Amino acid sequence: MAPLLVALLLLNGCAPEVPTASSSEALPVSSFPINFDPLCGGRPAGRAARIYDECGSQMDIFQRALEEAQATGKTVIVSYGAEWCVWCHVFDSHVNGATGRFNYPNTPSWTSVERSRRDVPRDARALNQFASENIILAHIEGDKSPDGRAVLEATGAATHFSGGLPFIFSVTPEGRFGAAVDLEHLDAEQAAPFYQGYDRAVLLAELRRVRNIARSAPSTAP
């Protein structure tokens with residue numbers, strides 16, 4: 001074994017376990033917004049936003065997600081964040097079943113190899129299946145958009161927002177705040193070139209919890 005490789009393995013404790021599962025095997029997860037303005041924010045060619053619409057109406061995005069949830073019997077999960085927020089992209093990547101490598105698209109972009117001793121493919125499939133069958137994901141931009149804060153105010157989530165991104169929460173079928181995902185214990189680490197994302201099993205449990213709270217909330221309709 002080459003001396004350099006031995007040194008790298010000693011430095012990292014053990015060789016990274018890189019899952020072989022592909023996001024191409026994943027189930028689709030309904031998410032909003034669907035379309036993005038490629039010229040929004042003066043982004044250079046090839047750097048268009050991936051998950052957050054920085055220029056469009058966030059209230060419209062939220063309303064479309066809520067209507068989809070009402071029509072399908074699913075629950076809206078709001079990911080209140082920003083295009084530059086690395087853990088916002090990690091959350092989206094995990095929910096959509098991606099494993100193995102994580103590409104952060106901001107400027108400058110970089111790619112990290114996932115390093116974990118957990119059974120990543122199994123946990124990724126379970127998380128992705130739950131998301132596909134039970135949630136509508138609404139990416140609400142909270143930094144550059146004209147009305148991101150308005151979504152927090154309209155849902156009642158503003159009083160639960162501490163300022164950190166992402167702020168992930170469920171809403172009731174009527175569009176009111178259900179419960180926030182507790183990100184404190186999701187084992188999130190990042191140290192390029194390796195990264196350890198959220199613990200998918202814990203994230204799945206959290207999404208189940210906030211979904212159930214939102215679904216069981218008493219109606220506020222007159």
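Modeller: Angles between axes under 35 degrees count as roughly parallel, over 145 as roughly antiparallel, 65 to 115 as roughly perpendicular and the rest as oblique. The model is predicted, with local features needing pLDDT of at least 70 and side-chain atom pairs counting only at pLDDT 80 or more, while totals for chains, interfaces and linings use all residues. Residues are numbered from 1 along each chain as its sequence is written, and side-chain values use heavy atoms, without hydrogens and water.

Colleague: What makes α3 and α6 roughly perpendicular?

Modeller: The axes of α3 (residues 86-95) and α6 (residues 200-216) cross at roughly 85° and come within 11 Å. The range for roughly perpendicular is 65 to 115 degrees, so α3 and α6 are called that.

Colleague: Which residues of α3 and α6 meet?

Modeller: F91, H94 and V95 of α3 meet R200, L203 and L207 of α6, where contact means heavy atoms within 4.5 Å.

Colleague: Why is α2 called oblique to α5?

Modeller: Their axes are 7 Å apart and the helices pack at about 50°. That angle falls in none of the three named ranges, which makes α2 oblique to α5. On the α2 side, Q58, M59 and F62 make the contact; on the α5 side, G148, A150, V151, A154 and T155.

Colleague: How do you know that Q58 is buried?

Modeller: Buried means under 20% relative accessible area, exposed over 50%, and partly exposed in between (1.4 Å probe, protein chains only). Q58 has 0% relative accessibility and therefore counts as buried. Q58 lies in α2 (residues 58-72), and a polar atom of its side chain is 2.7 Å from the backbone oxygen of D53. Leaving aside neighbours within four places in sequence, the contacts of Q58 include H139, S145 and V151.

Colleague: What makes the pair of Y80 and F161 edge-to-face?

Modeller: Rings of Phe, Tyr and Trp (its six-membered ring) pair if their centres lie within 6.5 Å; planes under 30 degrees apart count as stacked, over 60 as edge-to-face and the rest as tilted. The centres of Y80 and F161 are 5.3 Å apart and the planes stand at 80°, so the pair is edge-to-face. Y80 is in strand β2 (residues 75-81) and F161 in the loop between α5 (148-155) and β6 (167-171), so the pair ties together parts 81 residues apart in sequence.

Colleague: Why is the pair of F161 and F167 called tilted?

Modeller: Its centres are 5.2 Å apart and its planes at 35°, so the pair is tilted. Ring pairs link Y80, F161, F167, F169 and F177 into a cluster. Y80, at 3% relative accessibility, counts as buried, and F167 is buried at 7%.

Key:
Helix = DSSP H or I, 4+ residues; strand = E, 2+ residues; numbered from the N terminus. Polar contact = N/O pair within 3.5 Å; in protein donor to acceptor, adjacent residues only side chain to side chain. Axes fitted to C-alpha atoms, helices over the stretch in contact; angles between N-to-C directions.
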